[in-house]
Amino acid sequence: MKNTKKTCLKGILLLLGTIAFYFVVRRVCTSLYTMMVVNIALIYTLIAYSVSVMLGMGGELSFAGITFMGGGAFLVANLTTSRLGLQLPPIAAFLLTIPFFAIIGFVVGLILLRLKSTFFTFSTIALVQMSYTIYNNYKPLFGGPDGIAGIPTTTLFGLKMMDYYDWFPWLLGFAVLIGLFINRIRTTPMGRSLASCRDNETAARVLGVNVYMTKVLAFTIAAVLSAMAGGLYALQTKFVSADMFTYASSTKYIIMAMIGGVQSTIGAFIGALIVQVLPQLLKSFEGYLQLFWGVSIVLLMVFMPEGIAGIFRATVRRMKNKKKKTAVEGGVPDGGK
């Protein structure tokens, strides 16, 4: 009963927080440009979630999210513009990214996760460099340096997504739903298996966990999340080009997850908003942004390795401990009578 009440309370707080966020953003974002920035942050949230799955749950640092994001974007662009001789409705093309990149992600994961630790990380960097070269040079599928334009306007439940304001509530709702899905994974046997692999692979094997396949499944989930982000990006901007999917871009999504907290779903959401929105507020210091992010990561690793979410959890923990300590010091005389 106590757990049910706690779950209901969390659900109510999440709903109220989402509604409050919606109205605050609608009031603050008075131009299409600012609304676009927030929408792209919500799309990037999906890639931050993918980093949380691989690094936060599984302990494996992967830069491959940008490769799958590009793949999802170009798949949607090709399928909606009849470049391949087939034209699908935008939503159908987007939904197709899920099974397609589940298969691709699974196969790539089987190959790359044969490597361990830093060797795996470097292999994902190599994958990003190779995918960018292909996206930028193979015109029949990816349009070369010119990219692919002319993606049609998306219609959802009879409503046309004409501008960024139309997209905002759908992107917000989708980001929250996917966040709930990721949070649910943390409490499933797979999530616990991933955590055991992260903490101690030897102990995980002793407990009967198939470390290799568990990480492959996590890589597959991360690939699908990134591909969906790419598909949404293509549908909203109606244009895709290779320069969006570089190694430099991939590091940004790692920073998002680390600032928010790689082991926290809400942390990944907050980190994506901060990293995407903050540069718009600091445009006069644009030349120093990379320095700023670099210093921020160093400070994070030293003073708050669990990110913003870690600070919040530590604060709540201290408050609970203080409350318990006060109760003990106060004492309950006569055996509680």
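Is Y135 buried or exposed, and what is its relative accessible area? In this predicted model, Y135 is buried, with a relative accessible area of 7%. The legends below present this residue and several other close-up views.

**Figure 1. Aromatic pairs, with F63 and Y247 as one of them.** The count of aromatic pairs comes to 18. In the pair formed by F63 and Y247, the ring centres are 5.5 Å apart and the planes meet at 40 degrees, a tilted arrangement. The two residues belong to distant parts of the chain, 184 residues apart: F63 is in the loop between α2 (32-57) and α3, and Y247 is in helix α11 (residues 247-260). F63 is buried, with a relative accessible area of 10%, whereas Y247 counts as partly exposed at 30% relative accessibility.

**Figure 2. The edge-to-face pair of Y135 and F245.** Here the centre-to-centre distance is 6.2 Å and the angle between the planes is 75 degrees. Because Y135 lies in helix α5 and F245 in the loop between β4 (239-240) and α11, the pair ties together parts that are 110 residues apart in sequence. Y135 is buried, at a relative accessible area of 7%, and F245 also counts as buried, at 1% relative accessibility.

**Figure 3. An aromatic cluster that includes F21.** One cluster is formed by F21, Y22, F23, F168 and F269. Among its members, F21 is also one of the residues that supply area to the domain contact shown in the next view.

**Figure 4. The contact between domain 1 and domain 2.** The protein chain is divided into domain 1 (1-30) and domain 2 (34-281). Taken over C-alpha atoms, the centres of the two domains are separated by 25 Å. Eight residues from domain 1 and 11 residues from domain 2 take part in the contact. About 870 Å² is buried between the domains, and carbon and sulfur atoms give 83% of this area. On the side of domain 1, F21, R26 and C29 supply 53% of the area buried against domain 2, more than any other three residues.

**Figure 5. Helix α4 and its kink at F100.** Helix α4 (residues 90-112) has 23 residues, and the distance from its first C-alpha to its last is 32 Å, close to the 33 Å expected at 1.5 Å a residue. A kink of about 30 degrees is centred on F100. The buried residues of the helix are P90, A93, F94, T97, F101, G105, V108, G109 and L112. An α-helix has 3.6 residues a turn, so residues three or four places apart point the same way. The buried residues of α4 pack against α3 (65-80), α5 (117-137), α7 (164-187) and α10 (211-237).

**Figure 6. The surroundings of N78 in helix α3.** N78 is buried, with a relative accessible area of 3%. Not counting residues up to four places away in sequence, N78 touches R83, L84, L86, P140, L141 and I148.

**Figure 7. Helix α10 and K238 just after it.** The 27 residues of α10 should span 39 Å at 1.5 Å a residue, which agrees with the 39 Å between its end C-alpha atoms. The helix is mostly covered, as 23 of its 27 residues are buried. Just after α10, K238 takes a positive phi of about 65 degrees.

Methods
Residues are numbered from 1 along each chain as its sequence is written. This is a predicted model: local features need pLDDT of at least 70, side-chain atom pairs count only at pLDDT 80 or more; totals for chains, interfaces and linings use all residues. Side-chain values use heavy atoms; hydrogens and water are left out. Helices (H or I, at least four residues) and strands (E, at least two) are DSSP runs, numbered from the N terminus. The expected span of a helix is 1.5 Å times one less than its number of residues. The bend at a residue is the angle between axes fitted to the seven residues ending there and the seven starting there. Buried means under 20% relative accessible area, exposed over 50%, partly exposed in between (1.4 Å probe, protein chains only). Contact means heavy atoms within 4.5 Å. Rings of Phe, Tyr and Trp (its six-membered ring) pair if their centres lie within 6.5 Å; planes under 30 degrees apart count as stacked, over 60 as edge-to-face and the rest as tilted. Domain bounds come from an automatic or database domain assignment. Buried area is the accessible area (1.4 Å probe) that two parts lose on being put together, summed over both.
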